[in-house]
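Reader: Mind if I quiz you on the labels used for this one? I'd like to see each cut-off next to its value.

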Amino acid sequence: ATKIVDCHLQTMARFGIDYELLAWESDILHLGFWRQAFDQLAESGAVVKVDNGKLAGCWVMPAEAADNDEAADEDAGKVFVKSNGVATYTAKDTAYQLWKFGLLGRDFRYREWPGHDGLWTTTAGDGEEARGRFGVAQRVVNVIDTRQSYPQGIVKQALARLGHEKEAEQSVHLAYEVVALSRGAAQQLGIDISDGKEMYPFSGRDGIEIRADELLDRVIDIVAASPNAKEADPDVVRGVAAGAVRYYLQKFTLNQIIAFDFEDATRTHGDTGVYLQYAYARTCGILRKVDDDGLPLELPEVVLPVERQLLHRIDGYAAALGEAASQLSPSSLCSYAFSLASAMSEFYDQTDPIVREADVAMRRYRLRLVAATRRVLGDALTTLGIAAPEKI
């Protein structure tokens with residue numbers, strides 16, 4: 001299991017993803033988390049034991065329409081403990097959720113994961129006592145696909161029935177639709193597309209799959225083959241490829257099925273991560289060529305439409321970031337970043353090159369407009385987990 005996790009960490013690092021804590025399901029059981037949670041659930045009547053019928057011997061959380069003291073069946077509630085004494089996934093998820101909010105009365109012990117500074121793992125063996133950093137959440141966001149909506153709803157109900165209404169309200173299931181392959185991507189991977197479908201959901205049974213490392217390697221090859229990348233730093237190429245994948249997966253709304261397409265994800269124009277990174281690199285290139293004299297800014301008497309549009313986009317970042325955070329919507333931040341990059345491109349295309357601007361005040365004004373764009377676009381890319389390369 002340790003080897004598998006190490007491989008997982010290596011793969012995620014290639015996409016610029018890291019972790020703070022690795023929590024092990026086995027520790028939930030070994031440290032008595034489930035037993036503690038079960039005692040709370042049984043004592044409160046949130047779960048009841050069924051004496052007859054198909055669920056005889058099971059501990060069940062009755063459906064909301066049922067009374068806690070009546071026998072439950074498959075349609076009346078959710079099984080937490082099977083008749084053989086084995087806790088279900090939903091039961092363990094409930095114990096885990098109680099821990100996340102600091103409501104369980106127990107904690108893991110912790111140790112650092114070997115070879116990864118700042119990465120901690122839970123342990124049931126020797127380790128540090130509660131550090132106060134984990135398991136004290138005010139809000140919990142569980143990122144699990146939409147097929148887990150029912151069990152996640154049960155976890156939320158369990159907290160409410162234990163009297164933790166506030167924490168139940170702050171238990172958020174960030175449900176997302178599944179990722180599939182576009183028809184073109186499926187064909188590139190050698191999948192039979194003779195049935196004429198437009199997209200192919202992943203299915204191990206049907207052999208429709210691609211490993212994360214293979215996906216990134218293919219995108220790296222596509223980026224590296226572009227004319228502008230022939231002399232590029234390999235690290236920059238990898239950053240652009242990883243950004244292309246991450247942006248593509250985030251730009252769709254949560255209720256949309258994502259049909260991943262290699263060509264769409266790596267286009268240098270349009271709503272892609274590559275386009276945003278090019279726009280950021282362009283701002284860096286301008287600022288390398290022109291020095292800011294540091295003198296006070298003088299606004300021009302006439303602001304061009306492309307300048308006004310860019311100013312409005314910059315000014316809208318705080319609101320866009322707030323909306324993305326409050327709605328847990330990366331797609332809205334993607335939309336904003338694309339609009340800012342587009343405004344920057346229009347400004348670049350429709351104004352004279354700053355390096356050749358003879359009017360000192362105008363050069364200073366436009367240079368600082370570009371600098372502000374770089375700061376905002378760079379922050380948006382970083383927030384989305386995408387590299388902001390100064391050169392491409």
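Reader: Which residues form one aromatic cluster?

Author: That would be F33, Y96, W99, F108, Y110 and F134. Bear in mind that this is a predicted model, where local features need pLDDT of at least 70, side-chain atom pairs count only at pLDDT 80 or more, and totals for chains, interfaces and linings use all residues. Residues are numbered from 1 along each chain as its sequence is written, and side-chain values use heavy atoms, with hydrogens and water left out.

Reader: What makes F108 and Y110 an edge-to-face pair?

Author: Rings of Phe, Tyr and Trp (its six-membered ring) pair if their centres lie within 6.5 Å; planes under 30 degrees apart are stacked, over 60 edge-to-face, and the rest tilted. F108 and Y110 come in at 6.4 Å centre to centre and 70 degrees between the planes, so edge-to-face it is.

Reader: And why is the pair of W34 and F38 called tilted?

Author: The planes of W34 and F38 are 55 degrees apart, with 5.7 Å between centres, so the pair falls in the tilted range. Both residues lie in helix 3 (residues 33-44), 4 residues apart, about one turn of the helix. Helices here are DSSP runs (H or I, at least four residues), and strands are too (E, at least two), numbered from the N terminus.

Reader: How do you know that the charged end of K100 sits over the ring of Y96?

Author: The rule asks for NZ of Lys or CZ of Arg within 6 Å of the ring centre and within 35 degrees of the ring normal. For K100 the distance to the centre of the Y96 ring is 4.3 Å, so the distance part is met. R282 lies over the face of Y348 too, at 4.0 Å from the ring centre.

Reader: Why does L254 count as partly exposed?

Author: Buried means under 20% relative accessible area, exposed over 50%, partly exposed in between (1.4 Å probe, protein chains only). L254 has 32% relative accessibility, so partly exposed is the right label. L254 sits in the loop between helix 9 (234-250) and strand 11 (258-260).

Reader: What makes A380 buried, then?

Author: Its relative accessible area is 0%, so A380 falls on the buried side. A380 lies in helix 15 (residues 360-383) and touches Y317, L333 and A337, not counting residues up to four places away in sequence. Contact means heavy atoms within 4.5 Å. A380 and Y317 are 63 residues apart in sequence, yet 8.4 Å apart in space, C-alpha to C-alpha.
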